[in-house]
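Me: Take a look at this structure with me. I have some questions on its charged pairs.

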Amino acid sequence: MLRLKNVSTMIGEHQVIHDVSLEIAEGDFVALLGGNGAGKTSLLRTIAGVLHPHQGTIEFKGESIGHIPAFKIVGKGLSLCPEGRQLFPQLPVYKNLMLGAFRRKDKKGIQESLEQVYTLFPILKERYKQMAGTFSGGEQQMLAVGRALMSKPEMLLLDEPSMGLAPLIVESIAEVITKLNSMGITIFLSEQNALIALMITRHGYVLENGHLVLQGLSSDLLHNEKVRKAYLGT
Ligand SMILES: Nc1ncnc2c1ncn2[C@@H]1O[C@H](COP(=O)(O)OP(=O)(O)OP(=O)(O)O)[C@@H](O)[C@H]1O
Ligand SMILES: [Mg+2]
């Protein structure tokens with residue numbers, strides 16, 4: 001479904017992604033691990049078209065998307081739930097959700113997506129008029145995931161959804177993401193929380209200083225000595 005070949009990305013003068021190649025099959029559930037500044041956000045932003053690679057190619061469903069703007073990539077079925085949620089705090093829940101459907105014209109389909117989001121996250125339905133900025137961190141994360149779902153993605157890029165959340169909330173977010181994958185959405189999940197990411201995903205990649213340094217089955221990475229030392233603290 002997604003194929004990166006030798007992708008390098010610059011931010012200004014600074015090279016943040018170095019020669020990354022990876023493949024994600026349709027339906028897969030894949031973790032992207034790495035510490036602060038490893039390049040996780042830069043890589044996801046490059047895939048989503050917010051940044052563009054200066055070298056290499058990105059294919060989504062067989063189509064080259066490396067130079068297509070982000071808003072058009074969303075329309076192709078690839079959606080990013082960004083780091084830090086990036087909600088509109090002064091807008092109600094409902095309006096934040098509808099912003100995720102801004103490229104869609106199918107009114108009936110949009111309504112169906114909204115019902116689906118409300119079923120996944122009943123609290124968003126109960127409080128649809130509430131300003132997003134008054135939500136707790138966990139509720140805001142659910143809203144951010146809900147907004148990404150409003151574009152009806154086939155593939156979802158999630159950038160550190162557990163950031164800043166209490167362990168119990170992290171667990172319920174992990175459950176929701178697992179459910180989305182079981183509903184058929186291909187998932188690429190960036191996390192500093194390597195333990196939870198490797199517990200729920202099937203495959204994983206490890207990024208260091210913009211380079212992919214390890215990849216494999218999540219169950220193998222969980223037992224990999226380097227991963228255990230660097231990311232699991234054991
Ligand atoms: N706008 C920017 N200008 C210059 N350098 C940047 C910019 N954004 C990111 N970088 C640099 O790119 C590198 C990768 O950062 P990135 O945010 O992609 O890492 P990350 O793995 O997402 O980290 P974190 O877990 O802290 O979110 C870092 O060295 C960072 O300083
Ligand atoms: Mg980041």
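Me: Are Lys229 and Glu225 buried or exposed?
Reply: This is a predicted model, where local features need pLDDT of at least 70, side-chain atom pairs count only at pLDDT 80 or more, and totals for chains, interfaces and linings use all residues. Residues are numbered from 1 along each chain as its sequence is written, and side-chain values use heavy atoms, without hydrogens and water. Buried means under 20% relative accessible area, exposed over 50%, partly exposed in between (1.4 Å probe, protein chains only). Lys229 and Glu225 are both exposed.

Me: How far apart are the closest N and O atoms of Lys229 and Glu225?
Reply: The two residues sit 4 apart in helix H10 (helices are DSSP runs of H or I, at least four residues; strands are runs of E, at least two). They are therefore separated by about one helical turn. A salt bridge needs a side-chain nitrogen of Lys or Arg within 4 Å of a carboxyl oxygen of Asp or Glu. Lys229 and Glu225 form one, with a closest N to O distance of 3.4 Å.

Me: How many residues apart in sequence are the parts that Glu160 and Lys40 tie together?
Reply: Their side chains meet in a salt bridge at 3.6 Å, N to O. Both Glu160 and Lys40 are buried. Glu160 lies in the loop between S7 and H7, and Lys40 in H1, so the parts tied together are 120 residues apart.

Me: Which residues are linked with Glu59 in a network of salt bridges?
Reply: Glu59 in strand S4 pairs with a residue of strand S1, 56 residues away. That partner is Arg3, at 3.6 Å, N to O. The network links Glu59 with Arg3 and Glu23.

Notes: Chains lettered and ligands numbered in written order.
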